[in-house]
Amino acid sequence: MSQKFVEEHGGNIHKASKILNMKINDIIDFSANINPLGIPPALKETLISSIDTLVYYPDPEYHRLRSQLSDYTGVPSGRIIPGNGSLEIIFLLLKVLKPKNILIPAPSFSEYEKAAADFGINIRFFKLKEEESFRLNINRLRKEISVGVECILICNPNNPTSTLVSFEEMKLIIDLASRYKTTIIIDEAFIELTVGGACNSMANLVGKYDNLFIIRAFTKVFAVPGLRLGYGIGNEELVATMRSKQQPWSVNILAACAGNYLVDAEEYLQRTEAWLIEEKEWLYESMKAIPGLKPFKPDTNFILVKLCGTKNATELEESMAQRGILIRNASNFRFLDEHFFRVAVRDRASNRSLVEALKEEMKSKRLVFQ
C-alpha cells in the first residue's frame, strides 16, 4: 500500500520514522532543505545560556532583536518586522496590503497561493518553463508588468527549482515595477544558501523603493527550523502597520535571543559557502551521470530532478524511503507532474549514499528513456 512518507513541505522525519519502523538517526532526510553543517556551536550556546529567560514574556516590540537584525542586514530597525517563521510574515503582509490581484511565478512555494486565497486575492501565475530550465524569463515578465498587476511575489532563489535571479536582473524588475506602481515581494528565505550569500539580496534597495518588500528566514541557513524565526524588510509605514496587526509575542523569547548570535555568524556563513560551492556541483554532476535522471542546475542547496523514464516520483519516493532515504516528491507543485522530485544538498557521505541508491533504483525496473 502506498504510504506518504513526506509531508507537503517535506521534513516530517518523525512520521517517516514511525511508518518505516526506523530510528530517526537511521534515516537520511533529503526532503528538507536545511544547512547540513548543523546548528552553529555559538548559536547553541546562546540558546542554552538564554534558557532562564523563559520565565519572562518576550519584549512585544522586539527592540533588541530588530537592532541585531539591523546590524546583520544593514537595514534600519524601523524597516524590520520579526515573525514566527517567514510564513507569518507572508500571511501578515498580504493581510495588510490587500491587493486585488497578485502574480506568482510558478512552480514555487505553495503557501503563497494559500495566503493569497485566504484573503480573496485574485491569483495569476507566471509559468516557469522547463525548456528555459525553469529560470525566470525577464522579458516575458516585463510584458506581464506592463499589462498591469498590483503585486508580484517572487521566490529568490526559487523553491523547488533552485534558480536565482541575479541582482542586476532583479533590480531591472524592481525599477520597472516601480514605474507601474506594482508592489514587489521577494522571498529570500534561502539567500544565504547561495554562492555570494547575502550579497545576492535586494534588502539594501528597500530604502530606495517603497514598492519593495523582502522576506528573510533565520532558520534555513542556521539549521534551526524548529525555532521558527523569520523577518520582513520594507518601508517604515508598511512595517508599522504590519506590527500593529501582528499577534502579541508571536516570536518566542528563545527565538528572539537567537539574534544575539548574529554578531558571530560570519565564520559559519563562510564555511557554509565553501561547503555549498563544492557539494552542490558534485551532487548535480553525479546525478546528471545517472541514466534516466535529468537534474536542473542548482543555485542553492537543493536540486530539482526529472525522471525521464516510466518510473514516477511516488514510486521512487517509496522505494527510496525503504532504503532509509527521504526525497521530496515534487508532483504537487503547480506546473510540475509525477516525473519530478527534489533533493537537498547534504554532506558528502550522505550525498554519496543518495547517488548510489538512485543508481540502484534506476536500474531496478525496465525504463523507457525519453
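Which residues point one way from S3, and which point the other way? Keep that in mind as you look around this predicted model.

1. **The two faces of S3.** Asn101, Leu103 and Pro105 point one way from S3, while Ile102, Ile104 and Ala106 point the other way. In a regular strand, side chains alternate between the two faces of the sheet. Here the residues on both sides are buried.

2. **An enclosed strand.** Strand S3 covers residues 101–106, and 6 of its 6 residues are buried, so the rest of the structure largely encloses this strand. Buried here means under 20% relative accessible area.

3. **Its partner, S4.** S3 runs parallel to strand S4 (residues 122–127), and 6 bridges join the two. If you would like one pair to find on screen, try Ile104, whose bridge partner in S4 is Phe125. Together with helix H5 (residues 110–118), S3 and S4 make a right-handed β-α-β unit.

4. **A closer look at Lys127.** This residue is found in strand S4. Lys127 is partly exposed, because its relative accessible area is 42%, and partly exposed lies between 20% and 50%. Leaving aside neighbours within four places in sequence, Lys127 is in contact with Ala106, Arg140 and Phe335.

5. **Two helices that cross.** Now turn to helix H4 (residues 85–97) and helix H8 (residues 236–245), which pack at an angle of about 105 degrees with their axes 10 Å apart. That angle makes H4 roughly perpendicular to H8. Their contact has 7 nonpolar, 1 polar and 2 charged residues. Among them, Ile89 and Leu92 are in H4, and Leu238 and Met242 are in H8.

How values were computed
Residues are numbered from 1 along each chain as its sequence is written. This is a predicted model: local features need pLDDT of at least 70, side-chain atom pairs count only at pLDDT 80 or more; totals for chains, interfaces and linings use all residues. Side-chain values use heavy atoms; hydrogens and water are left out. Buried means under 20% relative accessible area, exposed over 50%, partly exposed in between (1.4 Å probe, protein chains only). Helices (H or I, at least four residues) and strands (E, at least two) are DSSP runs, numbered from the N terminus. Two strands pair if DSSP finds at least two bridges between them. A crossover is right-handed if, with the strands pointing away from the viewer, the path from the first strand over the helix to the second runs clockwise. Contact means heavy atoms within 4.5 Å. Axes are lines fitted to C-alpha atoms, for helices over the stretch in contact, and angles run from 0 to 180 degrees between N-to-C directions. Angles under 35 degrees count as roughly parallel, over 145 as roughly antiparallel, 65 to 115 as roughly perpendicular and the rest as oblique. Ala, Val, Leu, Ile, Met, Phe, Trp, Tyr, Cys and Pro count as nonpolar, Asp, Glu, Lys and Arg as charged, and the others, Gly among them, as polar.
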